[in-house]
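Work through the exercises below with the coordinates open. Try each task before reading its solution.

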Amino acid sequence: RDVAVTGLQTCALPIYLLTGHEVGHALFTPARGWHDAVDEYDGAPKAYLNVLEDVRIERKVQDLYPGLRHQFQKGYKTLADEDFFGLNNLTRPMSDMLLIDRINLKTKIGSFIEVEFKDEELPFLNAAYRTETFEDVVRLAKKIYAYQRKVLEEAKKKAAQQVYLQYNLAHVKADAAKGQGEYIEGLAGLFGCQSQLTGSYSEFAKVSQSQHNAIFTSDDANV
């Protein structure tokens, strides 16, 4: 056995897993795909490339050396048993994690934990298992990154709408004392204007800075 250290995570792993993984990179990852070199590809962040390239080279090295399959599974089980990925400390459901992070979990310890995917995400997961070249990895990383940005942007707009409605509904209720008719009219005006939201969030910041910060302190920095 050997000891793998990643950031603050320390985990004892079978040495054949570590060796097999690195041999896979040596055999199948081109020079331009190593370490900082992957930052050259616009629209494909390094973290995304690393996850997807790991899936590709680990599959290929196990196909080349079938005896490694058992060792890889032993290593993956160790990762799961020792909570290497910190899943026991999650403060949100796993389904809220970025797609690329869930792909990483599924392809490494998915035999030992349940990892959820939406129907629209499954093609990305299946494609990760089928990449043959590093160029395939780059193309897929760009697609997943673009998809994730779209999802996060839609979530922001939805959250902004909720802040907008909560703020205006509070004011409408406050005006209820003026008469039920004005209250109903206010509600009609409030809900009738939802479709006019443009996605500009600066006005909402004036309403409730704490709510605004909670909504827009998202995972954008990780994408």
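A salt bridge is a side-chain nitrogen of Lys or Arg within 4 Å of a carboxyl oxygen of Asp or Glu. By that criterion, a search of the whole structure finds eight salt bridges. The model is predicted.

**Exercise 1. The overall layout**

Task: State how many helices and strands the chain has, and give their order.

Solution.
- Step 1. Count the elements: nine helices and two strands.
- Step 2. Read from the N terminus. The order is β-β-α-α-α-α-α-α-α-α-α.
- Step 3. Check burial. Of the 223 residues, 39% count as buried.
- Step 4. Check the surface. The chain exposes about 13,000 Å², and carbon and sulfur atoms supply 52% of that area.
- Step 5. Check the contacts. Take pairs at least 6 apart in sequence; 63% of these contacts join residues at least 24 apart.

**Exercise 2. Packing of H2 and H3**

Task: Decide whether H2 is parallel, perpendicular or oblique to H3, and list the residues that make the contact.

Solution.
- Step 1. Locate the helices. H2 spans residues 46-64 and H3 spans residues 68-81.
- Step 2. Take the geometry. The two axes come within 8 Å and cross at roughly 140°.
- Step 3. Apply the cut-off. Angles over 145 degrees count as roughly antiparallel, and 65 to 115 as roughly perpendicular. The crossing therefore makes H2 oblique to H3.
- Step 4. List the contact. H2 contributes Glu58, Val61, Gln62 and Asp63. H3 contributes Leu68, Arg69, Phe72 and Tyr76.
- Step 5. Sort these residues by type. The contact of H2 with H3 has four nonpolar, one polar and three charged residues.

**Exercise 3. The setting of His21**

Task: Find whether His21 is buried or exposed, and which residues His21 touches.

Solution.
- Step 1. Place the residue. His21 sits in helix H1, residues 15-28.
- Step 2. Compare with the cut-off. Buried means under 20% relative accessible area. His21 has 14%, so His21 is buried.
- Step 3. Collect the neighbours. Leaving out residues up to four places away in sequence, His21 touches Asp54, Ile57, Glu58 and Phe72.
- Step 4. Link back to Exercise 2. Glu58 of H2 and Phe72 of H3 also take part in the contact between those helices.

**Exercise 4. Three salt bridges**

Task: For the pairs Glu53 and Arg56, Arg59 and Glu132, and Lys77 and Asp81, give the N to O distance and the surroundings.

Solution.
- Step 1. Start with Glu53 and Arg56. Their side chains meet at 2.8 Å, N to O. Both lie in helix H2, three residues apart, so about one helical turn separates them. Glu53 is buried, at 3% relative accessible area. Arg56 is buried, with a value of 3%.
- Step 2. Turn to Arg59 and Glu132. The closest N and O atoms are 3.5 Å apart. This pair links distant parts of the chain, 73 residues apart: Arg59 is in helix H2, and Glu132 is in the loop between helix H5 (122-130) and helix H6 (134-174). Arg59 is partly exposed at 21%. Glu132 is partly exposed at 44%.
- Step 3. Finish with Lys77 and Asp81. The closest N and O atoms are 2.8 Å apart. Both residues lie in helix H3, four residues apart, about one turn. Lys77 has 40% relative accessibility, so Lys77 counts as partly exposed. Asp81 has 55%, so Asp81 counts as exposed.
- Step 4. Look for shared partners. Salt bridges join Arg59, Lys60 and Glu132 into one network.

Key. Residues numbered from 1 in each chain as written. Predicted model: local features only at pLDDT ≥ 70, side-chain atom pairs only at ≥ 80, totals over all residues. Heavy atoms only, no water. Axes fitted to C-alpha atoms, helices over the stretch in contact; angles between N-to-C directions. Parallel < 35°, antiparallel > 145°, perpendicular 65-115°, else oblique. Contact = heavy atoms within 4.5 Å. Nonpolar A, V, L, I, M, F, W, Y, C, P; charged D, E, K, R; others polar. Buried < 20%, exposed > 50% of the residue type's maximum accessible area, 1.4 Å probe, protein only. Areas by Shrake-Rupley, 256 points an atom, 1.4 Å probe, with all protein chains shown as cover.
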